Amino acid sequence: MNSARPQLKLKPVKRRRRPATSEPTRDKLLDVAGRIFADRGYRAATIREICIAAHANVAAVNYHFGDKLGLYTMVVQQSMQAAELEGIRSALDRLAPPEDILRAVIRARLNSICRRNQPDWHFRILVHELALPTPALRRIIGKIGRPLFQRLLELIGGMIGLPPDDDKTRLCAFSVMGQILVFVLATPLLEGVWPGLKMTPEQLDRIADHIADFSLSYIHQFRSNPSAHSAIGTTPATSSRASK
């Protein structure tokens, strides 16, 4: 006698729904939060006022972002993306001489000025972070900024013949970054002391070329005669006294 084995009926597995990146409520929260955080700063802004302005339930922030810091981190990340970080990454990925790569990196970072037609809260969020850094900035620097900076150190270190973690390599990298950031972050001040300054694409090309020429001049000089440069914190006068 054949005994039929009972068949088990499997219940369909219900998958947890993941929010789509283009979901209207999520996008609306990001847009409204960006403006409010830019106006009031991270600490003063509240989830309640953001949700009221976005016509969303307070629970929507937890659903999409986890908490207030998660929402703010995503807002800051959007602002960082407006800084042409992807363009910098692409420039560093180029197969080209180091000098050409450095020029491309400088040009890519300055290109963010051409995108000032974006909502101005992108810029004001970064100003808040420079004045009162939050854990969000540390998260994003660790995830995005530090890897790019490490690649810049490797590029410049190779050009001056020093390891990426050498103090001189870091100072050279900071010098390049500083020349760029004065135009990115202080354009209103520069226009005040240079009334004819207009950040047109053509002018930005000239600025990028100047920063590259200025930086490469020192890099080439250092590479040709590194012993002629004194150590950090040591002036020629102190060096001569130390040798006596």
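## A partly exposed ring

F174 has a relative accessibility of 47%, so it counts as partly exposed, a class that runs from 20% to 50%. The model that holds this residue is predicted. Its ring partner is described further below.

## Overall make-up

The chain has 12 helices and 0 strands. Its pattern along the sequence is therefore helix after helix, written α-α-α-α-α-α-α-α-α-α-α-α. Of the 244 residues in the chain, 38% are buried. About 15,300 Å² of the chain is exposed, and carbon and sulfur atoms supply 57% of that area.

Among contacts in the chain with a separation of 6 or more, 70% involve residues 24 or more positions apart.

## Confidence

The mean pLDDT of the chain is 82, and 80% of its residues reach 70 or more. Two stretches stay under 50. One is residues 8-22, with 8 contacts beyond four places in sequence; another is residues 233-244, with 1 contact beyond four places in sequence.

## Aromatic pairs

How many aromatic pairs does the count give? It comes to 5. In one of them, the ring centres of F37 and Y72 are 4.8 Å apart and the planes stand at 80 degrees, so the pair is edge-to-face. This pair links distant parts of the chain, with F37 in helix α1 (residues 24-44) and Y72 in helix α4, 35 residues apart. F37 is buried, with a relative accessible area of 1%, and Y72 is likewise buried, with a relative accessible area of 1%.

The rings of F149 and F174 have centres 5.3 Å apart and planes at 15 degrees, so this pair is stacked. Because F149 lies in helix α8 (residues 135-160) and F174 in helix α9 (residues 167-185), the pair ties together parts 25 residues apart in sequence. F149 counts as buried, because its relative accessibility of 17% is under 20%. Ring pairs also link F37, Y42 and Y72 into a cluster.

## T73 in helix α4

T73 belongs to helix α4 (residues 68-81). Is this residue buried or exposed? Its relative accessibility is 11%, so T73 counts as buried. The T73 side chain reaches the backbone oxygen of L69 at 2.7 Å. With neighbours within four places in sequence left aside, T73 is in contact with A136, R139 and I140.

## Cysteines

The search of the whole structure finds 0 disulfides. C51 counts as buried at 1% relative accessibility. C172 also counts as buried, at 8%.

Definitions and conventions. Residues are numbered from 1 along each chain as its sequence is written. Side-chain values use heavy atoms; hydrogens and water are left out. A disulfide is a pair of cysteine sulfur atoms within 2.5 Å. Buried means under 20% relative accessible area, exposed over 50%, partly exposed in between (1.4 Å probe, protein chains only). Helices (H or I, at least four residues) and strands (E, at least two) are DSSP runs, numbered from the N terminus. Contact means heavy atoms within 4.5 Å. Accessible areas come from the Shrake-Rupley method with a 1.4 Å probe; for residues, only the protein chains shown count as cover. pLDDT is the predictor's confidence in each residue, from 0 to 100. A polar contact is a pair of N or O atoms within 3.5 Å; within protein, one must be able to donate a hydrogen and the other to accept it, and residues adjacent in sequence count only if both atoms are side-chain atoms. Rings of Phe, Tyr and Trp (its six-membered ring) pair if their centres lie within 6.5 Å; planes under 30 degrees apart count as stacked, over 60 as edge-to-face and the rest as tilted.
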